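Q: I'm new to reading protein models and would like a close look at one part of this one. Could you walk me through the sheet, strand by strand, and tell me how far to trust the picture?

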Amino acid sequence: MVRLNIKQPLYDQLVDLLKEKIETELEPNTKLESERELSNRYGLSRTTVRLALQELEKMGYIYRIRGKGTYVSDLSKVGRNITSAYSFTEQTKASGKIPKTIILEFEIVEANKYFANKLQVSLGEPLYKIKRLRLANDEPMMLERTYLPVKKFWNLTIDLLETKPLYDLFAQDYDQTIHIADEEFYASIVRNKDMQYLAIEKNAAVLNITRTTYNIQNEVIEYTLSVARADQFRYKIYSEQQAS
């Protein structure tokens, strides 16, 4: 029976379990057990199993053949598509939860050597620094520190930030179309200064995400450092079959 984390939906737990099994045990094109068989094996309802299989199909881990069953995809032929920028708001809504953002800091700072390099600007150039706490159903999920070049976002204010998601502001108010988001993930232990925001204990595991966002002119328009709760946060990357 799948009952590992009472805060994580059962179908999500089954998705994780089957993903690991597919990645480490099952050969491509292996036929999976039926919904009924999976339901009996893991002590879950057919509805829960069906939701998990639908999620795995979206992610490219399995495929269905009408009248025959469900099969394991060949992951070596599945291309990872992360060119569309991650949206906390949209993914939280997609999971059936209510997103909320609290702006903790909004100020203009001078680019030091590190941020000048990351944002491809001159040393000392003005940057917006935005510190935001992201919540789902009022539970802290992620702490973000975002840096934007002031020259790309003249007259940006905290009031404007509170009106709509950041990427909507980019497109609708500043004519900045996102071309690609370059992201890196790594696990670590939470820093003391972030614990209180994320409502987690000392030495808890977190997921660190760095994101560099480019517009269609291949100019850097955003650099964000995020810290997410490892026990709650889920970052989904959808896959698509590439033409051979």
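**A close look at the sheet**

A: Let's start with trust. This is a predicted model, and its protein chain averages a pLDDT of 84, with 86% of the residues scoring at least 70. Two stretches do fall below 50: residues 78-85, which have 22 contacts in the model beyond near neighbours in sequence, and residues 238-244, which have 17 such contacts. Where pLDDT is low, the predicted coordinates shouldn't be read in detail, so go easy on those parts.

Now for the sheet. It's an open one, built from six strands in the order 4-5-6-9-8-7, and the pairing is antiparallel. Strand 4 (99-110) and strand 7 (178-189) stand at the edges; each has a single partner strand, so one side of each is left without a neighbour in the sheet. On average, neighbouring strands are turned by 15° against each other, ignoring direction. What holds strands together in a sheet? They pair through backbone hydrogen bonds, either parallel or antiparallel.

Let's go along the row. Strand 5 (residues 126-136) and strand 6 (residues 139-149) run antiparallel and are joined by ten bridges. If you'd like one pair to find on screen, look for Leu133, whose bridge partner in strand 6 is Leu143.

Something also packs on this sheet: helix 7 (residues 166-174), which touches strand 5, strand 6, strand 7, strand 8 (205-215) and strand 9 (220-229). The direction of helix 7 makes about 165° with that of strand 9.

Strand 8 deserves a longer stop. Is strand 8 mostly covered or mostly uncovered? It's mostly covered, as eight of its eleven residues are buried. Strand 8 pairs with strand 7 in the antiparallel sense over eleven bridges; for instance, Glu183 has Arg211 in strand 8 as its bridge partner. Strand 8 is also joined to strand 9, again running antiparallel, by nine bridges. Here you can look for Asn208, whose bridge partner in strand 9 is Val227.

Strand 8 and strand 9 form a hairpin too, with four residues between them. In that turn, Asn218 has a positive phi of about 60°.

One last look, at the nonpolar cores. The largest has 16 residues, and Leu14, Leu18, Leu53, Leu56 and Ile62 touch the most other members. Helix 1 (10-24), helix 2 (35-42) and helix 3 (46-58) are the elements that give two or more residues to this core. Apart from it lies another core, of 15 residues, including Phe153, Leu160, Tyr167 and Phe170.

Note on methods
Residues are numbered from 1 along each chain as its sequence is written. This is a predicted model: local features need pLDDT of at least 70, side-chain atom pairs count only at pLDDT 80 or more; totals for chains, interfaces and linings use all residues. Side-chain values use heavy atoms; hydrogens and water are left out. Two strands pair if DSSP finds at least two bridges between them. Axes are lines fitted to C-alpha atoms, for helices over the stretch in contact, and angles run from 0 to 180 degrees between N-to-C directions. Contact means heavy atoms within 4.5 Å. A nonpolar core is a set of buried Ala, Val, Leu, Ile, Met, Phe, Trp, Tyr and Cys residues joined through side-chain atoms within 4.5 Å. Buried means under 20% relative accessible area, exposed over 50%, partly exposed in between (1.4 Å probe, protein chains only). pLDDT is the predictor's confidence in each residue, from 0 to 100.
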